[in-house]
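Trainee: I should like to take a close look at a single part of this structure. Please set out the backbone first and then its surroundings.

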Amino acid sequence: MTEGPDALTRAEEAELATRRQARGPADDTMSALADADERAIESALRPKRLTEFTGQARVREQLSLILTSALRRGRPPDHLLLSGPPGLGKTTIAMIVAAELGAPLRITSGPAIERSGDLAAILSTLSEGEVVFIDEIHRLARPAEEMLYLAMEDFRVDVVIGKGPGATAIPLEIAPFTLVGATTRAGLLPAPLRDRFGFTAHLDFYAPDELEHIIRRSAGLLGVTLTDEGATELSTRSRGTPRIANRLLRRVRDYAEVRADGVVTREVARIALELYEVDARGLDRLDRGVLDAVVRRFGGGPVGLSTLAVALGEEAETVEVVAEPFLVRCGLLTRTPRGRVATAAGWAHLGLTPPPSLAELPTLFD
Ligand code: ADP
């Protein structure tokens with residue numbers, strides 16, 4: 001190819017157009033959420049056993065003890081609750097739990113269970129020791145939630161027959177099972193539900209060296225050739241999230257195959273990531289939008305979550321669950337009782353000079 005880096009061949013243009021159509025807007029590249037197509041690709045990259053699972057060392061060790069002990073006793077382990085931002089491995093862990101126990105797995109989610117009857121249908125057909133994964137468990141409807149209390153504690157459900165004053169509840173024994181619940185908003189879980197989990201783990205963003213390890217493993221599975229520096233570059237821009245790391249790897253591979261000799265070097269990774277508008281710290285469009293609004297529209301804050309969400313045209317939950325945790329983790333934003341406040345580093349990240357009052361504030365490291 002003789003074109004400069006800015007020129008797209010006609011074939012590429014056509015291919016990109018198709019890709020855009022198939023994938024939606026380019027900023028989906030950085031979304032921590034996955035659509036159905038993404039889920040299919042992800043299943044090939046998911047670690048299948050606990051020993052293959054990188055990072056979250058403490059959670060891994062605790063899980064290993066729980067699972068080994070359950071296997072020795074020949075009894076299903078306690079119910080497990082996993083919380084943390086999207087894309088950090090909650091579904092993966094649920095699958096690993098089932099695999100390590102050699103037990104079947106049922107997957108459902110809070111919003112999918114519309115009536116308690118839906119839940120009764122799942123629970124009453126379980127075989128002994130099965131693992132039930134309920135994603136977004138904080139969105140379970142109230143009647144289903146109450147049915148779950150009894151099921152988790154006594155392995156029993158009350159099936160209500162009939163309506164009104166003549167309705168009767170028939171208790172039904174169910175097979176002992178293990179519930180794995182996942183939530184991005186642990187704070188929303190009612191205490192009676194939270195208390196019925198014998199083990200609660202919070203997943204945190206991954207360190208760059210852990211992401212690098214995940215990226216190398218995925219590159220091996222996908223047959224992508226990657227240099228050490230290429231892996232490092234990707235890992236620092238992946239927003240601490242394995243789902244994003246895997247997705248960026250695929251996007252950079254596309255670039256390497258079409259524009260370079262197929263090898264993902266630092267240079268190739270950097271140019272490709274710029275093309276996909278991934279910023280140097282891995283912030284995506286929503287993250288940047290939130291930071292930008294706090295700084296430019298609200299003078300750096302404090303600004304309340306709902307005001308901020310309205311200004312961005314986003315759901316408050318999306319801002320709170322998807323963007324904020326990473327901005328806070330990066331030290332660009334803080335949560336105060338009066339609202340969200342951009343830090344001096346947050347101003348600097350946007351290329352702006354922080355107001356003197358902020359610059360003089362002592363930081364955590366002073
Ligand atoms: P969540 O359920 O928290 O949204 P998932 O379990 O679906 O996240 O993980 C998203 C993707 O990231 C999966 O395809 C999986 O391959 C990858 N992934 C997550 N955690 C890890 C890990 N610790 N090691 C390797 N890959 C991981």
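In which loop is the place of Gln-56?

Mentor: The model is a predicted one, and Gln-56 has its place in the loop between α2 and α3 (57-73). Although Gln-56 is not a glycine, its phi is positive, at about 50 degrees. Most residues other than glycine have a negative phi. Gln-56 is buried, because 21 other C-beta atoms lie within 10 Å and the cut-off for a buried residue is 20 or more.

A second residue can be described in the same terms. Arg-239, also not a glycine, has a positive phi of about 60 degrees, and it lies in the loop between α9 (228-236) and α10. Arg-239 counts as buried, with 28 C-beta neighbours inside 10 Å.

Both loops adjoin helices that matter for the ligand shell. This shell comprises 19 residues, and Glu-42, Gly-89, Lys-90, Thr-91 and Thr-92 are the closest. The elements that supply two or more residues to it are α2 (36-45), α4 (90-101) and α10 (242-259). By class, eight residues of the shell are nonpolar, seven are polar and four are charged. Since domain 1 (5-202) and domain 2 (208-275) both contribute residues to the shell, the ligand lies between them.

One further backbone feature deserves mention. Gly-301 and Pro-302 are joined by a cis peptide bond, with omega about 5 degrees, and Pro-302 is found in the loop between α12 (285-297) and α13 (305-312). Most peptide bonds are trans.

Terms used: Residues are numbered from 1 along each chain as its sequence is written. This is a predicted model: local features need pLDDT of at least 70, side-chain atom pairs count only at pLDDT 80 or more; totals for chains, interfaces and linings use all residues. A residue is near a molecule or strand if its C-beta atom, placed from the backbone, lies within 6 Å of it. Helices (H or I, at least four residues) and strands (E, at least two) are DSSP runs, numbered from the N terminus. Ala, Val, Leu, Ile, Met, Phe, Trp, Tyr, Cys and Pro count as nonpolar, Asp, Glu, Lys and Arg as charged, and the others, Gly among them, as polar. Domain bounds come from an automatic or database domain assignment. A residue is buried if 20 or more other C-beta atoms lie within 10 Å of its own, exposed if 12 or fewer, and partly exposed in between; C-beta atoms are placed from the backbone.
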